[in-house]
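Dear colleague,

I am handing over the structure we talked about, and I would be grateful if you could look through it with the notes below beside you. Please find the sequence and the model here.

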Amino acid sequence: SEDVLSKDAGECAICLEELQQGDTIARLPCLCIYHKGQVFLGMHIKFQKVVFIGCIDEWFEVNRSCPEHPSD
């Protein structure tokens, strides 16, 4: 389910960026949380573009289980 994080919660296991208060997250049935939607990773100077990652949305395009609990 989609939710907004109410307090900082450590590192996202997919993008390795911090899960910060106010981030939009996906909470899986196993209660693991990941960034939902696009997360800003920074500017790529060489290619002059903003770099984003989709975290759990991109993960579920090719996987059907939690990244941390693949057997669930």
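In which strand is the place of H35? H35 lies in strand β3, where strands (E, at least two residues) and helices (H or I, at least four residues) are DSSP runs numbered from the N terminus. Before going further, please note that this is a predicted model, in which local features need pLDDT of at least 70 and side-chain atom pairs count only at pLDDT 80 or more, while totals for chains, interfaces and linings use all residues. Residues are numbered from 1 along each chain as its sequence is written, and side-chain values use heavy atoms, with hydrogens and water left out.

**The chain as a whole**

The chain contains one helix and five strands, and these follow one another along the sequence in the pattern β-β-β-β-β-α. Of its 72 residues, 26% count as buried, a word that here means under 20% relative accessible area, with exposed meaning over 50% and partly exposed in between (1.4 Å probe, protein chains only). The accessible surface comes to about 5100 Å², and carbon and sulfur atoms hold 50% of that surface; such areas come from the Shrake-Rupley method with a 1.4 Å probe, and for residues only the protein chains shown count as cover. Among the contacts in the chain with a separation of 6 or more, 26% are between residues 24 or more positions apart, a contact being heavy atoms within 4.5 Å.

As for confidence, the chain averages a pLDDT of 78, and 72% of the residues score at least 70, on a scale from 0 to 100 that gives the predictor's confidence in each residue. Confidence is lowest in strand β5 (residues 49–53), with a mean of 57, and highest in strand β2 (residues 24–27), with a mean of 88. Where pLDDT is low, the predicted coordinates should not be read in detail.

**The core, C12 and H35**

The largest nonpolar core has 13 residues, of which C12, L19 and Y34 touch the most other members. Strands β2 and β3 (33–35) each supply at least two residues of this core, and the term stands for a set of buried Ala, Val, Leu, Ile, Met, Phe, Trp, Tyr and Cys residues joined through side-chain atoms within 4.5 Å.

C12 itself sits in the loop between β1 and β2, and C12 counts as buried because its relative accessible area is 0%. Leaving aside neighbours within four places in sequence, C12 is in contact with E17, L19, Y34, H35 and C55. From C-alpha to C-alpha, C12 and H35 are 6.9 Å apart in space, although 23 residues apart in sequence. H35 is likewise buried, with a relative accessible area of 3%, and its side chain is joined to that of D23 by a polar contact of 3.3 Å. A polar contact is a pair of N or O atoms within 3.5 Å; within protein, one must be able to donate a hydrogen and the other to accept it, and residues adjacent in sequence count only if both atoms are side-chain atoms.

**The cysteines**

How many disulfides does the rule give? The count comes to zero, where a disulfide is a pair of cysteine sulfur atoms within 2.5 Å. For C32, the closest cysteine sulfur is in C30, at 3.6 Å, so the two are too far apart for a bond. C32 counts as buried at 12% relative accessibility, and C15 also counts as buried, at 12%.

**Two leucines and E68**

L16, in the loop between β1 (2–4) and β2, has a phi near 65°, a positive value in a residue other than glycine, and L16 counts as exposed at 52% relative accessibility. L31, which belongs to the loop between β2 and β3, has a positive phi near 80°, again in a residue other than glycine, and is exposed, with a relative accessible area of 63%.

E68 is found in the segment after α1 (56–62) and counts as partly exposed, at 46% relative accessibility. Apart from neighbours within four places in sequence, E68 is in contact with A13, C32 and Y34, and its side chain makes a polar contact of 2.7 Å with the side chain of Y34. The C-alpha atoms of E68 and C30 are separated by 9.5 Å, with their positions 38 residues apart along the chain.

With best wishes
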